[in-house]
Each structure stands twice: as C-alpha cells, then as structure tokens.
Amino acid sequence: MKQYNFFLTYALLVLIQMVICNYFHLSAYILLSILPVMVLCIPIRYSTTMALCIAFVTGLLVDLLSEGLLGINTLAIVPVAFVRKVVIQLVFGEEVFARNEDFSIEKSGLGKVSIALIIVQALFLVVYILADSAGTRPFSFNLARFAASLSAGYVVSILLVDALAPDSSRK
C-alpha cells in the first residue's frame, strides 16, 4: 500500500510540476522546480538504474507536456537520480540502507533533510541554468538566477518532503 501511495503522490506532483512550468513564471530569475525533491524521495529500495529510468521519464513528460525546450528538464534531473543514493548515504548515513527505510524530517531532522535538498536542488539548477543559457547570458545573471531559484526551490521542496517521504512510524 505504501508503494502505491508513493507513486500516486509522485504522479500528482508531476502534474503539479507541469502546471508550475506552464502558469507560474514568477520572474526571469526564478526557476521553480520540484523535480529534484521528487527524485531524492524515490524509495531507497529502488536501484540507481530504476531511479534513472523514473527521472528520465519524469523529465521527458514535463518537457513534452509543458516546457518549450525539449530535453532540458530531462538533462537536469538525470544527474540528480544518478547521485541520489550517494547524497542519501553522505547526509543520512549508512543506517538508512542497513534498515532499508526511507528518510523523513521526523527521523533525520530538518537540518539533514535541508542539506540533502540543497545539494540536489543545486545540482539540478547548475545543469538546467547552464543548458538554458548556453553561454548567452552573463555570469552575474546566471548566479542571481541560481541563488533566487535555489531559495524558492528549497522552500517549496521542504514543504513536499513530508508528502513524499512520510514517517512510517506515525501511521
């Protein structure tokens, strides 16, 4: 049942990401994406290969159904899926894998979850902004866009972690 709930929530968040891409252009400086938190919160029982496939399909769906530039979300989210287990291991430790249980704010604390979110958001944004600007925008604009997008993405992501990685002990 938990697996079904995760994928139902994940599919709903993909739709929300499409709505964000189509209708919520806050400014040229803010790129709001929930894809990194979605990929980070894929249950750890799924291999990196499976996470890469899920991220690829997710990015492609968002690109096809909402973004004008085909492949940009896919290009930016696949590296996040590739480093997902490494980030979880570095931030949350080996015990997450030993117990085969997913992380949550209640189990791991807001600080550790924040560090993991900032790492995956930063990776996503660096790839996305570099691909989007393709050398046509100045470094200062890209840096400002990165900082504003990281801040906005972190705030939205921290609100979604509880939906994607709930504490199973409270159910």
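The legends below describe close-up views of a predicted model.

**View 1. The lining of the largest pocket in the predicted model.**
The largest pocket encloses about 310 Å³ of space. It is lined by 18 residues, of which His-25, Ile-30, Leu-31, Tyr-128 and Arg-145 are the closest to its centre. Three helices, α1 (2-23), α7 (110-133) and α8, each supply at least two residues of this lining. Among the contributors to the lining of the largest pocket, α1 gives the most, with three residues. Sorted by class, the lining of the largest pocket consists of 10 nonpolar, four polar and four charged residues.

**View 2. Ser-149 of helix α8 and its contact with Leu-31.**
Ser-149 belongs to helix α8, which runs over residues 139-164. With a relative accessibility of 0%, Ser-149 is classed as buried, because buried means under 20% relative accessible area. The side chain of Ser-149 reaches the backbone nitrogen of Leu-31 at 2.8 Å. Leu-31 also appears in the first view, as one of the residues closest to the centre of the largest pocket.

**View 3. The largest cavity and its lining.**
The model has one cavity of 30 Å³ or more. The volume of the largest cavity is about 30 Å³. Its lining includes the consecutive residues Leu-40, Cys-41, Ile-42, Pro-43 and Ile-44. The lining of the largest cavity is completed by Ile-88, Asp-102, Phe-103 and Ala-165. By class, eight residues of this lining are nonpolar, none is polar and one is charged. The charged residue is Asp-102, because Asp counts as charged.

**View 4. The buried and exposed faces of helix α3.**
Helix α3 comprises 18 residues, 48-65. From its first C-alpha to its last, α3 reaches 25 Å, close to the 26 Å expected at 1.5 Å a residue. The buried residues of α3 include Ala-51, Ile-54, Ala-55 and Thr-58, together with Gly-59, Val-62 and Asp-63. These buried residues lie on the same side of α3 because they cover an arc of only 160 degrees around the axis. The face of α3 turned away from this buried side carries Thr-49, Leu-64 and Leu-65, which are exposed.

**View 5. Asn-22 and Ser-66, separated in sequence.**
Asn-22 is situated in helix α1. Its relative accessible area of 33% makes Asn-22 partly exposed, because this class lies between the limits of under 20% for buried and over 50% for exposed. Although Asn-22 and Ser-66 are 44 residues apart in sequence, their C-alpha atoms are 5.7 Å apart in space.

**View 6. Two residues with positive phi, Asn-100 and Ala-134.**
Asn-100 is not a glycine, yet it has a positive phi of about 55 degrees. Asn-100 occupies the loop between α5 (95-99) and α6 (105-108). With a relative accessible area of 48%, Asn-100 is partly exposed. Ala-134, likewise not a glycine, has a positive phi of about 45 degrees. Ala-134 is located in the loop between α7 and α8. At 58% relative accessibility, Ala-134 is classed as exposed, because exposed means over 50%.

Note on methods
Residues are numbered from 1 along each chain as its sequence is written. This is a predicted model: local features need pLDDT of at least 70, side-chain atom pairs count only at pLDDT 80 or more; totals for chains, interfaces and linings use all residues. Side-chain values use heavy atoms; hydrogens and water are left out. On a 1 Å grid over the protein atoms alone, a cavity is a set of points where a 1.4 Å probe fits but cannot get out, and a pocket is an open set with protein on both sides within 12 Å along at least five of seven lines; lining residues have an atom within 4 Å of a point. Grid points are joined across faces, edges and corners, and a volume is the space filled by probe spheres set on the points. Helices (H or I, at least four residues) and strands (E, at least two) are DSSP runs, numbered from the N terminus. The expected span of a helix is 1.5 Å times one less than its number of residues. Buried means under 20% relative accessible area, exposed over 50%, partly exposed in between (1.4 Å probe, protein chains only). The arc is that of the directions from the helix axis to the C-beta atoms. A polar contact is a pair of N or O atoms within 3.5 Å; within protein, one must be able to donate a hydrogen and the other to accept it, and residues adjacent in sequence count only if both atoms are side-chain atoms.
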